[in-house]
Amino acid sequence: MSGTADPRKAGAGPISRARLDRGRGALGPALELVHTGRAPTRAVLTAELGVTRATAGAVAAELEALGLIRVDARPSAPAGSQGRPSHRLEVAEDGPVALAAQVHTDGFRAALVGLGGRIVATTPGCETVDANPAKVLGAVVEAGAELLRATGRRCVGAGLAVPSAVAEPDGLALNPLHLAWPAGEPVRRIFTDLVHAAGITGPAFAGNDVNLAALAEHRHGAGRGARHLLCVATGHRGVGGALVLDGRLHTGSSGLALEVGHLTVNPEGRVCHCGSRGCLDVEADPLALLMEAGLDPGPEVSLLAQADALLRTRYHEPAVRAAAETLIDRLGLGLAGLVNILNPDRVILGGLHRGLLNADPERLRAVVAERSLWGQSGSVPILPCTLDHDSLVGAAELAWQPVLDDPLAALR
(Lines give C-alpha, C1' and ligand atoms only; values in the text may rest on other atoms or scores of the structure.)
Protein backbone atom coordinates (compact mmCIF):
# COMPACT_ATOMS: atom_id res chain seq x y z
CA MET A 1 0.00 0.00 0.00
CA SER A 2 2.99 2.29 0.17
CA GLY A 3 4.43 4.19 -2.74
CA THR A 4 3.88 7.31 -4.78
CA ALA A 5 0.68 9.15 -3.91
CA ASP A 6 -2.19 8.30 -6.25
CA PRO A 7 -4.12 11.40 -7.46
CA ARG A 8 -7.36 9.49 -7.12
CA LYS A 9 -6.95 9.22 -3.35
CA ALA A 10 -8.71 11.53 -0.93
CA GLY A 11 -7.20 14.97 -0.71
CA ALA A 12 -4.65 14.37 -3.47
CA GLY A 13 -6.04 17.05 -5.77
CA PRO A 14 -8.26 17.25 -8.88
CA ILE A 15 -8.42 14.40 -11.37
CA SER A 16 -7.27 15.16 -14.92
CA ARG A 17 -10.24 15.73 -17.23
CA ALA A 18 -8.29 14.42 -20.23
CA ARG A 19 -7.59 11.16 -18.43
CA LEU A 20 -11.19 10.69 -17.37
CA ASP A 21 -12.52 11.34 -20.84
CA ARG A 22 -10.74 8.22 -22.01
CA GLY A 23 -13.62 6.38 -20.32
CA ARG A 24 -11.91 3.43 -18.73
CA GLY A 25 -9.73 5.69 -16.59
CA ALA A 26 -12.85 7.07 -14.91
CA LEU A 27 -14.12 3.73 -13.65
CA GLY A 28 -11.66 3.35 -10.77
CA PRO A 29 -12.05 6.90 -9.40
CA ALA A 30 -15.83 6.62 -9.71
CA LEU A 31 -15.93 3.28 -7.93
CA GLU A 32 -13.80 4.59 -5.09
CA LEU A 33 -16.10 7.59 -4.65
CA VAL A 34 -19.10 5.27 -4.28
CA HIS A 35 -17.13 2.79 -2.17
CA THR A 36 -16.18 5.48 0.36
CA GLY A 37 -19.60 7.13 0.38
CA ARG A 38 -18.36 10.36 -1.18
CA ALA A 39 -20.65 10.07 -4.22
CA PRO A 40 -24.14 9.11 -3.03
CA THR A 41 -25.74 10.42 -6.24
CA ARG A 42 -24.87 10.69 -9.90
CA ALA A 43 -24.87 14.47 -9.61
CA VAL A 44 -22.21 14.34 -6.91
CA LEU A 45 -20.25 11.82 -8.96
CA THR A 46 -20.34 14.19 -11.94
CA ALA A 47 -19.04 17.08 -9.83
CA GLU A 48 -16.35 15.02 -8.09
CA LEU A 49 -15.01 13.59 -11.34
CA GLY A 50 -15.25 16.89 -13.22
CA VAL A 51 -16.91 15.33 -16.25
CA THR A 52 -20.14 15.82 -18.16
CA ARG A 53 -23.41 14.33 -16.94
CA ALA A 54 -23.40 11.99 -19.92
CA THR A 55 -19.90 10.71 -19.08
CA ALA A 56 -20.81 10.20 -15.41
CA GLY A 57 -23.96 8.37 -16.45
CA ALA A 58 -22.01 6.07 -18.77
CA VAL A 59 -19.41 5.35 -16.09
CA ALA A 60 -22.10 4.56 -13.51
CA ALA A 61 -23.87 2.30 -15.98
CA GLU A 62 -20.67 0.36 -16.70
CA LEU A 63 -19.95 -0.12 -12.99
CA GLU A 64 -23.51 -1.38 -12.59
CA ALA A 65 -23.03 -3.78 -15.50
CA LEU A 66 -19.94 -5.14 -13.72
CA GLY A 67 -22.15 -5.93 -10.71
CA LEU A 68 -20.32 -3.46 -8.44
CA ILE A 69 -22.88 -0.70 -7.84
CA ARG A 70 -26.61 -0.08 -8.16
CA VAL A 71 -28.13 3.02 -9.79
CA ASP A 72 -31.67 3.97 -8.79
CA ALA A 73 -33.97 3.71 -11.79
CA ARG A 74 -35.77 6.89 -10.79
CA PRO A 75 -33.95 10.07 -9.79
CA SER A 76 -34.92 11.51 -6.42
CA ALA A 77 -34.18 14.71 -4.53
CA PRO A 78 -33.34 14.92 -0.82
CA ALA A 79 -36.16 16.10 1.44
CA GLY A 80 -36.43 19.90 1.33
CA SER A 81 -34.04 20.17 -1.61
CA GLN A 82 -34.70 22.68 -4.40
CA GLY A 83 -32.15 21.10 -6.72
CA ARG A 84 -32.65 18.83 -9.67
CA PRO A 85 -33.36 15.18 -8.72
CA SER A 86 -30.46 12.80 -9.23
CA HIS A 87 -30.08 9.04 -9.42
CA ARG A 88 -28.80 7.54 -6.16
CA LEU A 89 -25.70 5.34 -6.25
CA GLU A 90 -25.07 2.47 -3.86
CA VAL A 91 -22.72 -0.49 -3.73
CA ALA A 92 -24.32 -3.68 -4.96
CA GLU A 93 -25.51 -5.73 -1.98
CA ASP A 94 -25.16 -8.97 -3.93
CA GLY A 95 -21.87 -8.04 -5.60
CA PRO A 96 -18.42 -9.59 -5.20
CA VAL A 97 -16.65 -9.86 -1.85
CA ALA A 98 -13.13 -9.97 -0.50
CA LEU A 99 -11.99 -12.63 1.93
CA ALA A 100 -10.61 -10.96 5.06
CA ALA A 101 -8.67 -12.77 7.78
CA GLN A 102 -7.32 -11.58 11.11
CA VAL A 103 -5.02 -13.30 13.59
CA HIS A 104 -4.46 -11.89 17.09
CA THR A 105 -3.20 -13.07 20.44
CA ASP A 106 -6.48 -14.63 21.48
CA GLY A 107 -7.62 -16.19 18.24
CA PHE A 108 -8.49 -15.60 14.63
CA ARG A 109 -11.50 -14.80 12.47
CA ALA A 110 -12.46 -14.81 8.80
CA ALA A 111 -15.06 -12.67 7.06
CA LEU A 112 -16.43 -11.76 3.66
CA VAL A 113 -16.45 -8.01 3.06
CA GLY A 114 -18.20 -6.26 0.20
CA LEU A 115 -17.69 -2.81 -1.22
CA GLY A 116 -18.41 0.02 1.19
CA GLY A 117 -16.65 -1.87 3.99
CA ARG A 118 -19.79 -3.94 4.54
CA ILE A 119 -19.25 -7.26 6.34
CA VAL A 120 -21.41 -9.81 4.53
CA ALA A 121 -20.58 -12.89 6.61
CA THR A 122 -18.19 -13.77 9.40
CA THR A 123 -17.05 -16.87 11.22
CA PRO A 124 -17.16 -17.18 15.01
CA GLY A 125 -13.85 -16.11 16.51
CA CYS A 126 -11.49 -18.98 17.28
CA GLU A 127 -9.81 -18.68 20.67
CA THR A 128 -6.59 -20.62 20.12
CA VAL A 129 -3.54 -19.70 18.06
CA ASP A 130 -0.96 -22.33 17.22
CA ALA A 131 2.74 -21.47 17.31
CA ASN A 132 2.99 -22.68 13.71
CA PRO A 133 1.87 -19.82 11.39
CA ALA A 134 1.02 -22.19 8.53
CA LYS A 135 -1.33 -24.16 10.77
CA VAL A 136 -3.17 -21.03 11.98
CA LEU A 137 -3.41 -19.47 8.54
CA GLY A 138 -4.56 -22.76 7.06
CA ALA A 139 -7.42 -22.88 9.55
CA VAL A 140 -8.52 -19.29 8.93
CA VAL A 141 -8.32 -19.71 5.13
CA GLU A 142 -10.42 -22.88 5.32
CA ALA A 143 -12.97 -21.00 7.45
CA GLY A 144 -13.10 -18.27 4.81
CA ALA A 145 -13.39 -20.79 1.98
CA GLU A 146 -16.35 -22.35 3.75
CA LEU A 147 -18.04 -18.93 3.92
CA LEU A 148 -17.53 -18.52 0.18
CA ARG A 149 -18.98 -21.96 -0.52
CA ALA A 150 -21.97 -21.26 1.70
CA THR A 151 -22.75 -17.87 0.18
CA GLY A 152 -21.77 -18.57 -3.42
CA ARG A 153 -20.25 -15.10 -3.72
CA ARG A 154 -17.56 -14.18 -6.22
CA CYS A 155 -14.24 -13.38 -4.49
CA VAL A 156 -11.91 -10.63 -5.75
CA GLY A 157 -8.99 -11.58 -3.49
CA ALA A 158 -7.90 -12.00 0.12
CA GLY A 159 -6.29 -9.87 2.82
CA LEU A 160 -4.71 -10.80 6.15
CA ALA A 161 -4.23 -8.65 9.27
CA VAL A 162 -1.56 -9.71 11.78
CA PRO A 163 -0.34 -8.12 15.05
CA SER A 164 3.18 -7.56 13.76
CA ALA A 165 5.12 -5.17 11.60
CA VAL A 166 5.10 -6.63 8.09
CA ALA A 167 8.31 -5.83 6.23
CA GLU A 168 8.24 -4.94 2.56
CA PRO A 169 8.75 -6.09 -0.08
CA ASP A 170 8.79 -9.70 1.14
CA GLY A 171 5.81 -9.68 3.52
CA LEU A 172 7.74 -10.90 6.56
CA ALA A 173 6.19 -10.71 10.04
CA LEU A 174 9.20 -9.29 11.86
CA ASN A 175 8.01 -9.10 15.46
CA PRO A 176 4.90 -11.17 16.24
CA LEU A 177 5.81 -10.88 19.92
CA HIS A 178 2.49 -12.00 21.37
CA LEU A 179 1.91 -14.93 19.00
CA ALA A 180 4.99 -17.06 19.74
CA TRP A 181 5.64 -17.19 16.00
CA PRO A 182 9.26 -17.17 14.84
CA ALA A 183 10.43 -13.70 13.85
CA GLY A 184 10.62 -13.10 10.12
CA GLU A 185 7.99 -15.62 9.05
CA PRO A 186 6.93 -15.05 5.40
CA VAL A 187 3.26 -14.65 6.27
CA ARG A 188 2.26 -13.15 2.94
CA ARG A 189 3.71 -16.06 0.96
CA ILE A 190 2.22 -18.64 3.34
CA PHE A 191 -1.18 -16.94 3.19
CA THR A 192 -1.06 -16.60 -0.61
CA ASP A 193 -0.17 -20.26 -1.09
CA LEU A 194 -2.97 -21.39 1.22
CA VAL A 195 -5.53 -19.10 -0.43
CA HIS A 196 -4.73 -20.43 -3.88
CA ALA A 197 -4.60 -24.02 -2.64
CA ALA A 198 -8.14 -23.55 -1.34
CA GLY A 199 -9.28 -22.59 -4.83
CA ILE A 200 -9.82 -18.92 -3.97
CA THR A 201 -9.11 -16.66 -6.93
CA GLY A 202 -7.53 -13.23 -6.94
CA PRO A 203 -4.43 -11.76 -5.31
CA ALA A 204 -3.61 -12.12 -1.61
CA PHE A 205 -2.09 -9.53 0.70
CA ALA A 206 -0.95 -9.17 4.33
CA GLY A 207 -0.43 -6.18 6.60
CA ASN A 208 -0.17 -4.95 10.16
CA ASP A 209 -3.53 -4.98 11.95
CA VAL A 210 -3.43 -1.36 13.19
CA ASN A 211 -2.32 -0.11 9.77
CA LEU A 212 -5.31 -1.86 8.26
CA ALA A 213 -7.68 -0.60 10.97
CA ALA A 214 -6.53 2.95 10.19
CA LEU A 215 -7.12 2.43 6.47
CA ALA A 216 -10.63 1.12 7.11
CA GLU A 217 -11.48 3.95 9.49
CA HIS A 218 -10.18 6.51 7.00
CA ARG A 219 -12.38 5.17 4.22
CA HIS A 220 -15.50 4.18 6.15
CA GLY A 221 -15.33 5.33 9.78
CA ALA A 222 -14.06 7.96 12.20
CA GLY A 223 -11.20 9.02 9.93
CA ARG A 224 -13.26 9.98 6.87
CA GLY A 225 -12.28 13.38 5.53
CA ALA A 226 -8.97 13.61 7.42
CA ARG A 227 -5.89 14.36 5.34
CA HIS A 228 -3.35 13.54 8.06
CA LEU A 229 -4.89 10.82 10.19
CA LEU A 230 -3.12 9.30 13.19
CA CYS A 231 -4.53 6.06 14.60
CA VAL A 232 -3.35 4.55 17.89
CA ALA A 233 -4.91 1.35 19.18
CA THR A 234 -4.51 -1.57 21.51
CA GLY A 235 -4.97 -5.02 20.13
CA HIS A 236 -5.52 -7.89 22.53
CA ARG A 237 -1.94 -7.22 23.63
CA GLY A 238 0.41 -4.33 22.96
CA VAL A 239 -0.09 -0.95 21.28
CA GLY A 240 0.14 -0.07 17.61
CA GLY A 241 -0.03 3.05 15.49
CA ALA A 242 -0.64 4.07 11.90
CA LEU A 243 -0.62 7.21 9.78
CA VAL A 244 -2.77 7.81 6.71
CA LEU A 245 -1.61 10.70 4.51
CA ASP A 246 -3.89 11.88 1.70
CA GLY A 247 -5.61 8.51 1.56
CA ARG A 248 -2.42 6.43 1.60
CA LEU A 249 -0.93 4.46 4.46
CA HIS A 250 2.47 5.84 5.42
CA THR A 251 4.48 2.68 5.92
CA GLY A 252 8.01 4.03 5.65
CA SER A 253 10.80 2.73 3.46
CA SER A 254 10.19 -0.94 4.28
CA GLY A 255 6.77 -1.14 5.92
CA LEU A 256 7.94 -0.56 9.49
CA ALA A 257 6.83 3.02 10.21
CA LEU A 258 4.79 4.04 13.28
CA GLU A 259 5.91 1.38 15.75
CA VAL A 260 4.47 3.62 18.46
CA GLY A 261 4.29 0.85 21.04
CA HIS A 262 7.95 1.43 21.86
CA LEU A 263 7.64 5.07 22.86
CA THR A 264 8.81 5.41 26.46
CA VAL A 265 6.06 6.86 28.66
CA ASN A 266 7.21 5.64 32.08
CA PRO A 267 11.01 5.35 32.40
CA GLU A 268 10.71 3.44 35.68
CA GLY A 269 7.92 1.22 34.41
CA ARG A 270 7.52 -2.36 33.31
CA VAL A 271 10.14 -4.17 31.26
CA CYS A 272 9.07 -4.33 27.62
CA HIS A 273 9.54 -7.23 25.23
CA CYS A 274 11.93 -5.05 23.22
CA GLY A 275 14.34 -4.89 26.19
CA SER A 276 13.54 -1.31 27.14
CA ARG A 277 11.43 -0.21 30.09
CA GLY A 278 8.15 1.68 30.35
CA CYS A 279 7.13 1.45 26.67
CA LEU A 280 3.57 2.31 25.68
CA ASP A 281 3.24 -1.32 24.62
CA VAL A 282 3.34 -2.54 28.24
CA GLU A 283 2.05 0.58 30.00
CA ALA A 284 -1.22 1.18 28.14
CA ASP A 285 -2.57 -2.16 26.90
CA PRO A 286 -5.33 -4.38 28.36
CA LEU A 287 -2.95 -6.35 30.59
CA ALA A 288 -1.55 -3.10 31.99
CA LEU A 289 -5.04 -1.92 32.99
CA LEU A 290 -5.86 -5.17 34.75
CA MET A 291 -2.55 -5.20 36.59
CA GLU A 292 -2.82 -1.53 37.54
CA ALA A 293 -6.25 -2.28 39.03
CA GLY A 294 -4.75 -5.14 41.07
CA LEU A 295 -6.60 -7.86 39.19
CA ASP A 296 -5.38 -11.23 38.01
CA PRO A 297 -6.56 -11.79 34.44
CA GLY A 298 -8.65 -14.92 34.07
CA PRO A 299 -8.54 -17.43 31.23
CA GLU A 300 -12.25 -17.31 30.43
CA VAL A 301 -12.22 -14.48 27.89
CA SER A 302 -9.60 -12.38 26.15
CA LEU A 303 -7.61 -9.72 27.98
CA LEU A 304 -9.22 -7.05 25.80
CA ALA A 305 -12.71 -8.25 26.68
CA GLN A 306 -11.82 -8.29 30.40
CA ALA A 307 -10.35 -4.77 30.26
CA ASP A 308 -13.31 -3.39 28.30
CA ALA A 309 -15.75 -4.96 30.78
CA LEU A 310 -13.81 -3.44 33.67
CA LEU A 311 -14.23 0.06 32.25
CA ARG A 312 -17.91 -0.46 31.43
CA THR A 313 -19.09 -2.06 34.66
CA ARG A 314 -16.67 -1.10 37.45
CA TYR A 315 -15.36 2.35 36.54
CA HIS A 316 -17.12 3.77 39.62
CA GLU A 317 -14.78 1.77 41.89
CA PRO A 318 -11.85 3.92 43.13
CA ALA A 319 -9.18 1.33 42.25
CA VAL A 320 -10.49 0.90 38.72
CA ARG A 321 -10.84 4.64 38.16
CA ALA A 322 -7.30 5.25 39.45
CA ALA A 323 -5.94 2.52 37.16
CA ALA A 324 -7.77 4.00 34.17
CA GLU A 325 -6.48 7.50 34.96
CA THR A 326 -2.92 6.18 35.13
CA LEU A 327 -3.27 4.60 31.68
CA ILE A 328 -4.95 7.72 30.31
CA ASP A 329 -2.04 9.86 31.48
CA ARG A 330 0.52 7.51 29.92
CA LEU A 331 -1.44 7.25 26.70
CA GLY A 332 -1.80 11.03 26.60
CA LEU A 333 1.96 11.45 27.04
CA GLY A 334 2.60 9.14 24.09
CA LEU A 335 -0.03 10.87 21.94
CA ALA A 336 1.43 14.28 22.74
CA GLY A 337 4.83 13.18 21.46
CA LEU A 338 3.28 11.82 18.27
CA VAL A 339 1.25 15.00 17.75
CA ASN A 340 4.42 17.09 18.14
CA ILE A 341 6.23 15.02 15.50
CA LEU A 342 3.45 14.32 13.01
CA ASN A 343 1.04 17.29 13.35
CA PRO A 344 -2.04 15.26 12.36
CA ASP A 345 -5.40 16.91 11.73
CA ARG A 346 -7.20 14.09 13.56
CA VAL A 347 -6.37 11.35 16.06
CA ILE A 348 -8.51 8.23 16.35
CA LEU A 349 -8.23 5.61 19.07
CA GLY A 350 -9.16 1.93 18.88
CA GLY A 351 -9.33 -1.12 21.11
CA LEU A 352 -8.98 -0.39 24.82
CA HIS A 353 -7.90 3.17 24.04
CA ARG A 354 -11.35 3.86 22.68
CA GLY A 355 -12.75 2.78 26.05
CA LEU A 356 -10.29 4.98 27.95
CA LEU A 357 -11.28 7.98 25.82
CA ASN A 358 -14.97 7.33 26.40
CA ALA A 359 -14.39 6.89 30.13
CA ASP A 360 -12.77 10.31 30.60
CA PRO A 361 -12.46 12.26 27.35
CA GLU A 362 -11.59 15.56 28.97
CA ARG A 363 -8.67 14.13 30.93
CA LEU A 364 -7.06 12.55 27.88
CA ARG A 365 -7.53 15.64 25.73
CA ALA A 366 -6.14 17.85 28.49
CA VAL A 367 -2.98 15.73 28.81
CA VAL A 368 -2.40 15.87 25.06
CA ALA A 369 -3.02 19.62 24.92
CA GLU A 370 -0.75 20.31 27.88
CA ARG A 371 2.18 18.24 26.64
CA SER A 372 2.07 18.99 22.89
CA LEU A 373 2.96 22.20 21.11
CA TRP A 374 0.27 21.76 18.48
CA GLY A 375 -2.26 20.80 21.12
CA GLN A 376 -1.67 24.16 22.81
CA SER A 377 -1.79 26.25 19.64
CA GLY A 378 -4.75 24.49 18.03
CA SER A 379 -7.07 21.73 19.12
CA VAL A 380 -6.42 18.32 17.54
CA PRO A 381 -9.65 16.30 17.48
CA ILE A 382 -9.30 12.99 19.33
CA LEU A 383 -12.09 10.58 18.44
CA PRO A 384 -12.96 6.92 19.04
CA CYS A 385 -12.82 4.47 16.15
CA THR A 386 -16.34 3.62 15.01
CA LEU A 387 -16.12 0.42 12.93
CA ASP A 388 -16.69 -3.05 14.29
CA HIS A 389 -13.88 -5.38 13.17
CA ASP A 390 -11.96 -2.50 11.55
CA SER A 391 -8.82 -4.60 11.03
CA LEU A 392 -10.88 -7.17 9.10
CA VAL A 393 -12.41 -4.42 6.99
CA GLY A 394 -8.92 -3.01 6.40
CA ALA A 395 -7.62 -6.42 5.34
CA ALA A 396 -10.43 -6.53 2.79
CA GLU A 397 -9.41 -3.06 1.56
CA LEU A 398 -6.07 -4.56 0.48
CA ALA A 399 -7.91 -7.07 -1.68
CA TRP A 400 -10.31 -4.48 -3.04
CA GLN A 401 -7.55 -2.06 -4.04
CA PRO A 402 -6.78 -3.65 -7.45
CA VAL A 403 -10.50 -3.43 -8.26
CA LEU A 404 -10.58 0.22 -7.21
CA ASP A 405 -7.50 0.87 -9.35
CA ASP A 406 -8.88 -0.77 -12.51
CA PRO A 407 -12.25 -2.53 -12.25
CA LEU A 408 -12.20 -3.92 -15.79
CA ALA A 409 -8.75 -5.46 -15.49
CA ALA A 410 -9.37 -6.86 -11.99
CA LEU A 411 -12.71 -8.48 -12.83
CA ARG A 412 -11.81 -9.70 -16.30
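**Strands, cores and a helix pair**

Trainee: How many bridges join S10 to S11?

Mentor: Welcome! This is a predicted model, and in it strands S10 and S11 run antiparallel. His228 stands opposite Leu245 in S11, and the bridge partner of Thr234 is Val239. The number of bridges joining S10 to S11 is seven.

Trainee: In the hairpin of S10 and S11, which residue takes a positive phi?

Mentor: Look at the turn of that hairpin, where four residues lie between the strands. A positive phi near 80 degrees is found there, and the residue that takes it is Gly238.

Trainee: Is S11 largely enclosed by the rest of the structure or largely open, and how many of its seven residues are buried?

Mentor: Here buried means under 20% relative accessible area. Strand S11 is largely enclosed by the rest of the structure, because most of its residues fall in that class. S10 is also largely enclosed, with six of its seven residues buried. For S11, the count of buried residues out of seven is six.

Trainee: S11 also pairs with S12, so to speak; which residue takes a positive phi in the hairpin of S11 and S12?

Mentor: S11 and S12, residues 248-249, pair in the antiparallel sense over two bridges. Leu245 stands opposite Arg248, while Val244 stands opposite Leu249. Two residues lie between the strands of this hairpin, and the positive phi, near 50 degrees, belongs to Asp246.

Trainee: In which sense do S10 and S13 pair, parallel or antiparallel?

Mentor: Strands of a sheet pair through backbone hydrogen bonds, and both senses can occur. Between S10 and S13 there are five bridges, and Ala233 stands opposite Gly350 in S13. The sense of this pairing is parallel.

Trainee: Which strands stand at the edges of the sheet?

Mentor: The sheet is open, with five strands in the order S12-S11-S10-S13-S14 and mixed pairing. Each edge strand has a single partner, so one side of it is left without a neighbour in the sheet. The strands at the edges are S12 and S14.

Trainee: Which helix packs on the sheet?

Mentor: The helix touches S10, S11, S13 and S14. Its direction makes about 110 degrees with that of S13, and the helix is H12.

Trainee: Which helix gives the largest share of the largest nonpolar core?

Mentor: In soluble globular proteins, nonpolar side chains tend to be buried together. The largest core here has 38 residues, and Val232, Leu289, Leu349 and Leu364 have the most contacts inside it. Among the elements that each supply at least two of its residues are S10, S11, H9 and S13. The largest share, nine residues, comes from H11.

Trainee: How many residues are in the second, separate core?

Mentor: The second core is separate and includes Leu68, Ile69, Val91 and Ala396. Its number of residues is 36.

Trainee: Is H7 roughly parallel or roughly perpendicular to H15?

Mentor: Helix H7, residues 209-220, and helix H15, residues 390-405, pack at an angle of about 70 degrees, with their axes 7 Å apart. Angles of 65 to 115 degrees count as roughly perpendicular. Therefore H7 stands to H15 as roughly perpendicular.

Trainee: How many charged residues does the contact of H7 with H15 have?

Mentor: Leu212 and Arg219 are among the H7 residues that meet H15, whose side includes Val393 and Glu397. By class, this contact has eight nonpolar and four polar residues. The number of charged residues is five.

Technical notes: Residues numbered from 1 in each chain as written. Heavy atoms only, no water. Axes fitted to C-alpha atoms, helices over the stretch in contact; angles between N-to-C directions. Parallel < 35°, antiparallel > 145°, perpendicular 65-115°, else oblique. Contact = heavy atoms within 4.5 Å. Nonpolar A, V, L, I, M, F, W, Y, C, P; charged D, E, K, R; others polar. Core = buried A, V, L, I, M, F, W, Y, C linked by side-chain atoms within 4.5 Å. Buried < 20%, exposed > 50% of the residue type's maximum accessible area, 1.4 Å probe, protein only. Pairing = 2+ DSSP bridges.
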